[in-house]
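Trainee: I am new to this structure. Could you teach me how to read it, feature by feature?

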Amino acid sequence: MKITLNGKEIVITCETIFEIRKMHGHETDIIILNGFQIDHNCKISHGDILTLIPKGVMPKEDELESMMMARHTPTVHKKLKQGKVAIAGLGGLGSNIAVMLARIGVGHLLLVDFDSVEPSNLNRQNYTISHLGLPKTEALKKQINEINPFITIETQNVRVTEDNAAKLFSGYDIVCEAFDRAEAKSMLVNTLLSELPSVKIVAASGMAGYDTSNSICTSRVMNRLYVCGDLTNEAEIGKGLMAPRVLICAGHQANMVLRLLVGIKDV
Amino acid sequence: MKFNGTLIPLEKGQTLLDFLKAQNYDVTKIAVVLNDTIIPKATYNDVMLHDEDTLEIVRFVGGG
(Lines give C-alpha, C1' and ligand atoms only; values in the text may rest on other atoms or scores of the structure.)
Protein backbone atom coordinates (compact mmCIF):
# COMPACT_ATOMS: atom_id res chain seq x y z
CA MET A 1 0.00 0.00 0.00
CA LYS A 2 0.97 3.63 -0.50
CA ILE A 3 1.45 6.09 2.36
CA THR A 4 3.09 9.50 2.70
CA LEU A 5 6.13 9.33 4.99
CA ASN A 6 7.85 12.61 5.93
CA GLY A 7 6.29 14.38 2.95
CA LYS A 8 7.17 11.70 0.36
CA GLU A 9 4.92 9.00 -1.08
CA ILE A 10 6.30 5.50 -0.51
CA VAL A 11 5.10 1.94 -0.98
CA ILE A 12 5.26 -0.22 2.15
CA THR A 13 4.71 -3.84 2.97
CA CYS A 14 4.65 -3.62 6.79
CA GLU A 15 1.41 -3.25 8.71
CA THR A 16 2.06 -1.19 11.85
CA ILE A 17 3.40 2.25 12.67
CA PHE A 18 6.13 0.90 14.95
CA GLU A 19 7.43 -1.35 12.15
CA ILE A 20 7.71 1.66 9.86
CA ARG A 21 9.42 3.69 12.57
CA LYS A 22 11.92 0.89 13.16
CA MET A 23 12.72 0.76 9.45
CA HIS A 24 12.82 4.50 8.66
CA GLY A 25 13.59 6.26 11.93
CA HIS A 26 14.60 5.88 15.54
CA GLU A 27 12.54 4.47 18.40
CA THR A 28 12.48 7.83 20.22
CA ASP A 29 11.03 9.64 17.18
CA ILE A 30 7.73 11.47 17.68
CA ILE A 31 4.98 10.00 15.51
CA ILE A 32 2.34 12.20 13.87
CA LEU A 33 -0.40 10.23 12.08
CA ASN A 34 -2.82 12.29 9.95
CA GLY A 35 -2.21 15.45 11.99
CA PHE A 36 -2.42 13.82 15.41
CA GLN A 37 0.47 12.88 17.69
CA ILE A 38 0.29 9.27 18.89
CA ASP A 39 2.41 7.25 21.30
CA HIS A 40 0.87 3.80 20.87
CA ASN A 41 1.27 1.34 18.04
CA CYS A 42 -1.52 0.91 15.51
CA LYS A 43 -2.19 -0.41 12.04
CA ILE A 44 -1.36 1.76 9.07
CA SER A 45 -3.85 2.20 6.24
CA HIS A 46 -3.51 3.08 2.58
CA GLY A 47 -3.28 6.86 2.07
CA ASP A 48 -2.19 7.66 5.64
CA ILE A 49 0.11 10.62 6.20
CA LEU A 50 2.83 9.67 8.65
CA THR A 51 5.62 11.90 9.93
CA LEU A 52 8.52 10.83 12.13
CA ILE A 53 10.21 13.69 13.97
CA PRO A 54 13.60 13.03 15.63
CA LYS A 55 13.85 14.63 19.07
CA GLY A 56 16.41 17.36 19.75
CA VAL A 57 17.65 17.57 16.16
CA MET A 58 17.41 20.67 13.97
CA PRO A 59 15.76 19.47 10.76
CA LYS A 60 16.75 20.62 7.27
CA GLU A 61 14.49 23.32 5.85
CA ASP A 62 12.60 21.10 3.37
CA GLU A 63 12.02 18.52 6.10
CA LEU A 64 10.89 21.22 8.54
CA GLU A 65 7.92 22.21 6.40
CA SER A 66 6.59 18.65 6.13
CA MET A 67 7.12 18.18 9.89
CA MET A 68 5.16 21.34 10.62
CA MET A 69 2.45 20.43 8.15
CA ALA A 70 2.16 17.06 9.88
CA ARG A 71 0.67 18.82 12.89
CA HIS A 72 -1.88 20.74 10.84
CA THR A 73 -5.17 18.90 10.49
CA PRO A 74 -4.85 17.68 6.86
CA THR A 75 -8.33 18.51 5.51
CA VAL A 76 -8.20 21.98 7.09
CA HIS A 77 -4.63 22.81 6.13
CA LYS A 78 -5.31 23.31 2.42
CA LYS A 79 -8.07 25.86 3.08
CA LEU A 80 -5.91 27.74 5.59
CA LYS A 81 -2.93 27.78 3.23
CA GLN A 82 -5.14 29.52 0.62
CA GLY A 83 -6.46 32.05 3.18
CA LYS A 84 -5.66 35.74 2.88
CA VAL A 85 -6.09 37.61 6.15
CA ALA A 86 -5.17 41.21 7.00
CA ILE A 87 -4.50 42.49 10.49
CA ALA A 88 -5.13 46.17 11.15
CA GLY A 89 -3.13 47.25 14.21
CA LEU A 90 -0.29 45.19 15.65
CA GLY A 91 -0.69 45.81 19.38
CA GLY A 92 -1.96 43.43 22.04
CA LEU A 93 -4.66 41.98 19.83
CA GLY A 94 -3.06 42.18 16.39
CA SER A 95 0.41 40.85 17.24
CA ASN A 96 -1.07 37.85 19.04
CA ILE A 97 -3.70 37.18 16.34
CA ALA A 98 -0.97 37.25 13.68
CA VAL A 99 1.18 34.75 15.57
CA MET A 100 -1.77 32.38 16.07
CA LEU A 101 -2.73 32.56 12.39
CA ALA A 102 0.90 31.90 11.44
CA ARG A 103 1.02 28.87 13.75
CA ILE A 104 -2.05 27.29 12.14
CA GLY A 105 -0.59 27.91 8.68
CA VAL A 106 -2.74 30.69 7.19
CA GLY A 107 -0.91 31.16 3.89
CA HIS A 108 -1.00 34.91 3.38
CA LEU A 109 -0.97 37.64 6.02
CA LEU A 110 -0.97 41.42 5.68
CA LEU A 111 0.35 43.25 8.75
CA VAL A 112 -0.54 46.94 9.08
CA ASP A 113 0.66 49.42 11.75
CA PHE A 114 2.42 52.80 11.80
CA ASP A 115 4.04 52.50 15.22
CA SER A 116 7.27 51.04 16.60
CA VAL A 117 7.86 48.66 19.52
CA GLU A 118 8.21 50.36 22.93
CA PRO A 119 8.94 48.99 26.41
CA SER A 120 5.30 49.60 27.44
CA ASN A 121 4.18 47.11 24.79
CA LEU A 122 5.91 44.13 26.40
CA ASN A 123 3.16 43.59 29.00
CA ARG A 124 0.84 42.05 26.40
CA GLN A 125 2.13 42.30 22.86
CA ASN A 126 4.01 39.57 21.02
CA TYR A 127 7.39 41.30 21.00
CA THR A 128 10.64 40.92 22.92
CA ILE A 129 13.36 43.29 24.15
CA SER A 130 15.33 42.63 20.95
CA HIS A 131 12.50 44.25 18.96
CA LEU A 132 12.50 47.60 20.86
CA GLY A 133 12.63 50.55 18.45
CA LEU A 134 11.78 48.53 15.34
CA PRO A 135 8.61 49.26 13.36
CA LYS A 136 5.97 46.79 14.60
CA THR A 137 5.46 45.51 11.04
CA GLU A 138 9.14 44.56 10.79
CA ALA A 139 9.39 43.17 14.34
CA LEU A 140 6.33 40.96 13.89
CA LYS A 141 7.50 39.71 10.50
CA LYS A 142 10.78 38.65 12.17
CA GLN A 143 8.87 36.99 15.00
CA ILE A 144 6.65 35.06 12.59
CA ASN A 145 9.63 33.98 10.50
CA GLU A 146 10.97 32.30 13.63
CA ILE A 147 7.66 30.45 14.07
CA ASN A 148 6.48 29.57 10.55
CA PRO A 149 8.71 30.74 7.69
CA PHE A 150 6.54 28.97 5.10
CA ILE A 151 3.84 31.63 4.79
CA THR A 152 3.76 34.87 2.79
CA ILE A 153 3.82 38.07 4.80
CA GLU A 154 3.17 41.54 3.44
CA THR A 155 3.63 44.63 5.59
CA GLN A 156 2.36 48.23 5.41
CA ASN A 157 3.99 50.69 7.78
CA VAL A 158 1.25 53.35 7.56
CA ARG A 159 -1.55 54.89 9.59
CA VAL A 160 -4.92 53.63 8.36
CA THR A 161 -7.37 56.42 7.46
CA GLU A 162 -10.79 56.68 5.88
CA ASP A 163 -9.05 57.59 2.62
CA ASN A 164 -6.51 54.75 2.35
CA ALA A 165 -8.37 51.89 4.10
CA ALA A 166 -10.21 50.40 1.11
CA LYS A 167 -7.08 50.45 -1.04
CA LEU A 168 -4.89 48.93 1.71
CA PHE A 169 -7.19 46.00 2.46
CA SER A 170 -8.73 45.22 -0.94
CA GLY A 171 -7.83 41.70 -2.04
CA TYR A 172 -8.06 40.28 1.49
CA ASP A 173 -10.95 37.95 2.38
CA ILE A 174 -10.94 38.78 6.07
CA VAL A 175 -9.71 41.81 8.03
CA CYS A 176 -9.07 41.66 11.78
CA GLU A 177 -9.78 45.02 13.40
CA ALA A 178 -7.19 45.23 16.16
CA PHE A 179 -6.86 48.95 16.82
CA ASP A 180 -6.65 50.57 20.24
CA ARG A 181 -8.86 53.68 19.94
CA ALA A 182 -12.64 53.37 19.71
CA GLU A 183 -12.87 56.03 16.96
CA ALA A 184 -10.32 54.16 14.83
CA LYS A 185 -12.22 50.87 15.29
CA SER A 186 -15.45 52.54 14.21
CA MET A 187 -13.80 54.24 11.23
CA LEU A 188 -12.27 51.00 9.92
CA VAL A 189 -15.41 48.89 10.31
CA ASN A 190 -17.64 51.53 8.68
CA THR A 191 -15.25 52.28 5.82
CA LEU A 192 -14.46 48.69 4.87
CA LEU A 193 -18.03 47.39 5.10
CA SER A 194 -19.21 50.31 2.94
CA GLU A 195 -16.41 50.27 0.37
CA LEU A 196 -15.37 46.60 0.05
CA PRO A 197 -18.52 44.58 -0.76
CA SER A 198 -17.15 41.11 -0.03
CA VAL A 199 -14.79 41.67 2.91
CA LYS A 200 -15.56 40.08 6.28
CA ILE A 201 -14.43 41.85 9.46
CA VAL A 202 -13.62 40.32 12.81
CA ALA A 203 -13.47 43.26 15.22
CA ALA A 204 -12.91 43.66 18.98
CA SER A 205 -14.47 45.78 21.71
CA GLY A 206 -13.93 45.50 25.47
CA MET A 207 -11.12 43.46 27.00
CA ALA A 208 -9.37 45.72 29.55
CA GLY A 209 -8.71 44.86 33.20
CA TYR A 210 -9.11 41.53 34.99
CA ASP A 211 -12.88 41.04 35.05
CA THR A 212 -14.11 37.47 34.47
CA SER A 213 -12.75 35.71 31.40
CA ASN A 214 -16.21 34.40 30.63
CA SER A 215 -17.75 37.74 29.65
CA ILE A 216 -15.58 37.87 26.52
CA CYS A 217 -17.46 36.31 23.63
CA THR A 218 -17.88 36.42 19.86
CA SER A 219 -21.05 37.78 18.32
CA ARG A 220 -22.23 38.02 14.73
CA VAL A 221 -23.64 41.47 14.07
CA MET A 222 -24.30 40.86 10.36
CA ASN A 223 -23.15 38.43 7.68
CA ARG A 224 -19.87 40.36 7.26
CA LEU A 225 -19.22 41.64 10.79
CA TYR A 226 -18.22 39.74 13.92
CA VAL A 227 -17.31 41.43 17.21
CA CYS A 228 -15.29 39.81 20.00
CA GLY A 229 -15.00 41.15 23.55
CA ASP A 230 -17.21 42.01 26.53
CA LEU A 231 -18.38 45.25 24.81
CA THR A 232 -17.99 47.25 28.03
CA ASN A 233 -14.56 47.13 29.69
CA GLU A 234 -12.76 50.11 28.23
CA ALA A 235 -9.04 50.77 28.76
CA GLU A 236 -8.86 53.77 31.10
CA ILE A 237 -6.94 55.23 34.04
CA GLY A 238 -6.93 52.53 36.71
CA LYS A 239 -8.06 49.82 34.28
CA GLY A 240 -5.18 48.94 32.03
CA LEU A 241 -4.84 46.36 29.29
CA MET A 242 -3.48 43.12 30.71
CA ALA A 243 -2.20 40.11 28.83
CA PRO A 244 -4.75 37.47 29.90
CA ARG A 245 -7.98 39.16 28.78
CA VAL A 246 -6.34 40.76 25.73
CA LEU A 247 -5.09 37.33 24.63
CA ILE A 248 -8.48 35.72 25.34
CA CYS A 249 -10.03 38.30 23.01
CA ALA A 250 -7.27 37.79 20.42
CA GLY A 251 -7.98 34.03 20.65
CA HIS A 252 -11.67 34.66 19.95
CA GLN A 253 -10.76 36.71 16.89
CA ALA A 254 -8.22 34.16 15.59
CA ASN A 255 -10.67 31.27 16.08
CA MET A 256 -13.43 33.15 14.25
CA VAL A 257 -11.00 33.76 11.37
CA LEU A 258 -10.16 30.04 11.36
CA ARG A 259 -13.85 29.11 11.33
CA LEU A 260 -14.55 31.49 8.44
CA LEU A 261 -11.60 30.14 6.46
CA VAL A 262 -12.92 26.58 6.72
CA GLY A 263 -16.40 27.76 5.71
CA ILE A 264 -18.23 28.04 9.04
CA LYS A 265 -20.22 31.24 9.48
CA ASP A 266 -21.69 30.66 12.96
CA VAL A 267 -19.85 32.07 15.97
CA MET B 1 -38.61 47.56 16.22
CA LYS B 2 -36.02 44.92 17.07
CA PHE B 3 -33.03 46.66 18.65
CA ASN B 4 -29.92 44.66 19.64
CA GLY B 5 -32.03 41.51 19.92
CA THR B 6 -34.96 42.98 21.91
CA LEU B 7 -38.33 44.30 20.67
CA ILE B 8 -38.82 47.94 21.70
CA PRO B 9 -41.60 50.47 21.05
CA LEU B 10 -40.63 53.00 18.38
CA GLU B 11 -41.75 56.63 18.28
CA LYS B 12 -43.27 57.49 14.91
CA GLY B 13 -41.29 59.55 12.40
CA GLN B 14 -37.89 59.04 14.02
CA THR B 15 -34.69 59.18 12.00
CA LEU B 16 -31.77 56.96 12.85
CA LEU B 17 -29.86 60.02 14.08
CA ASP B 18 -32.77 60.98 16.43
CA PHE B 19 -32.71 57.46 17.84
CA LEU B 20 -28.91 57.44 18.33
CA LYS B 21 -29.08 60.80 20.15
CA ALA B 22 -31.96 59.64 22.35
CA GLN B 23 -29.93 56.55 23.30
CA ASN B 24 -26.82 58.66 24.03
CA TYR B 25 -24.61 57.05 21.42
CA ASP B 26 -21.37 58.78 20.40
CA VAL B 27 -21.57 58.48 16.59
CA THR B 28 -17.77 58.50 16.28
CA LYS B 29 -17.52 55.20 18.19
CA ILE B 30 -20.23 53.00 16.68
CA ALA B 31 -21.20 50.82 13.73
CA VAL B 32 -24.89 50.70 12.74
CA VAL B 33 -26.34 47.70 10.94
CA LEU B 34 -29.96 48.06 9.80
CA ASN B 35 -31.63 44.96 8.34
CA ASP B 36 -28.24 43.33 7.76
CA THR B 37 -26.80 46.37 5.92
CA ILE B 38 -24.14 48.75 7.21
CA ILE B 39 -25.40 52.35 7.32
CA PRO B 40 -22.77 54.96 6.37
CA LYS B 41 -22.39 57.68 9.03
CA ALA B 42 -23.10 60.45 6.55
CA THR B 43 -26.63 59.11 6.00
CA TYR B 44 -27.76 58.66 9.64
CA ASN B 45 -30.04 61.69 9.37
CA ASP B 46 -31.64 60.47 6.12
CA VAL B 47 -32.68 57.02 7.36
CA MET B 48 -36.19 56.66 8.81
CA LEU B 49 -36.82 53.86 11.29
CA HIS B 50 -39.82 51.52 11.02
CA ASP B 51 -41.51 48.98 13.32
CA GLU B 52 -40.45 46.04 11.11
CA ASP B 53 -36.75 47.03 11.18
CA THR B 54 -33.98 45.07 12.85
CA LEU B 55 -31.35 47.44 14.19
CA GLU B 56 -27.97 46.36 15.57
CA ILE B 57 -25.62 48.95 17.04
CA VAL B 58 -22.07 48.06 18.03
CA ARG B 59 -20.46 50.43 20.50
CA PHE B 60 -16.68 50.30 20.38
CA VAL B 61 -14.68 50.92 23.54
CA GLY B 62 -10.95 51.64 23.59
CA GLY B 63 -8.34 48.93 24.08
CA GLY B 64 -6.44 46.50 21.92
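**Reading a helix and an interface**

Mentor: In this predicted model, start with helix H1 of chain A, residues 17-24, whose buried residues are Ile17(A), Ile20(A) and Arg21(A). Seen down the axis of H1(A), these buried residues fall within an arc of 100°, so they line one face of the helix.

Trainee: Which residues are exposed on the other side of H1(A)?

Mentor: Lys22(A) and Met23(A) are exposed there.

Trainee: What do the buried residues of H1(A) pack against?

Mentor: Four strands of chain A: E1 (2-5), E3 (30-33), E4 (36-38) and E5 (49-53).

Trainee: What comes just before the helix?

Mentor: Look at Thr16(A), which sits in the loop between strand E2 (8-11) and H1 of chain A.

Trainee: Is Thr16(A) buried or exposed?

Mentor: Thr16(A) has 17% relative accessibility, so it counts as buried. The cut-off for buried is under 20%. The side chain of Thr16(A) makes a polar contact of 3.1 Å with the side chain of Glu19(A). Leaving out residues up to four places away in sequence, Thr16(A) touches Asn41(A), Cys42(A), Lys43(A) and Ile44(A).

Trainee: Now the two chains. How do I read the size of an interface?

Mentor: The size is often given as the accessible area lost when the parts come together. Between chain B and chain A, the buried area is about 1,900 Å². Carbon and sulfur atoms give 60% of that area.

Trainee: Which three residues of chain B supply more of its buried area against chain A than any other three?

Mentor: Phe60(B), Val61(B) and Gly64(B), with 34% of the area that chain B buries against chain A.

Trainee: How many residues are in contact?

Mentor: On chain B, 21 residues are in contact with 31 residues of chain A.

Trainee: How many salt bridges are counted between chain B and chain A?

Mentor: The count is 1. The side chains of Glu183(A) and Lys29(B) meet in a salt bridge, at 4.0 Å from N to O. As for polar contacts, the rule finds 11 residue pairs across this interface, both residues at pLDDT 80 or more.

Trainee: Which elements give two or more residues to the side of chain B that touches chain A?

Mentor: Strands E3 (30-34), E4 (37-38) and E5 (54-59) of chain B. The residues on that side of chain B divide into 11 nonpolar, 5 polar and 5 charged.

Trainee: How do I read a single loop residue?

Mentor: Place it, check its exposure, then list its contacts. Take Ser215(A), in the loop between strand E10 (200-204) and strand E11 (217-222) of chain A. At 26% relative accessibility, Ser215(A) counts as partly exposed.

Trainee: What does Ser215(A) touch, not counting residues up to four places away in sequence?

Mentor: Gly229(A), Asp230(A) and Arg245(A). The side chains of Ser215(A) and Arg245(A) share a polar contact of 2.9 Å. The side chain of Ser215(A) also reaches the backbone oxygen of Thr212(A), at 3.2 Å.

Trainee: And backbone angles?

Mentor: Most residues other than glycine have a negative phi. Asn6(A) has a positive phi of about 50° although it is not a glycine. Asn6(A) lies in the loop between E1 and E2 of chain A, and at 30% relative accessibility it counts as partly exposed.

Trainee: What is the phi of Asn4(B)?

Mentor: Near 45°, a positive value in a residue other than glycine. Asn4(B) is in the loop between strand E1 (2-3) and strand E2 (6-7) of chain B. With 34% relative accessibility, Asn4(B) counts as partly exposed.

Note on methods. Residues are numbered from 1 along each chain as its sequence is written. Chains are lettered from A and ligands numbered from 1 in the order in which they are written. This is a predicted model: local features need pLDDT of at least 70, side-chain atom pairs count only at pLDDT 80 or more; totals for chains, interfaces and linings use all residues. Side-chain values use heavy atoms; hydrogens and water are left out. Buried means under 20% relative accessible area, exposed over 50%, partly exposed in between (1.4 Å probe, protein chains only). The arc is that of the directions from the helix axis to the C-beta atoms. Contact means heavy atoms within 4.5 Å. Buried area is the accessible area (1.4 Å probe) that two parts lose on being put together, summed over both. A polar contact is a pair of N or O atoms within 3.5 Å; within protein, one must be able to donate a hydrogen and the other to accept it, and residues adjacent in sequence count only if both atoms are side-chain atoms. Ala, Val, Leu, Ile, Met, Phe, Trp, Tyr, Cys and Pro count as nonpolar, Asp, Glu, Lys and Arg as charged, and the others, Gly among them, as polar.
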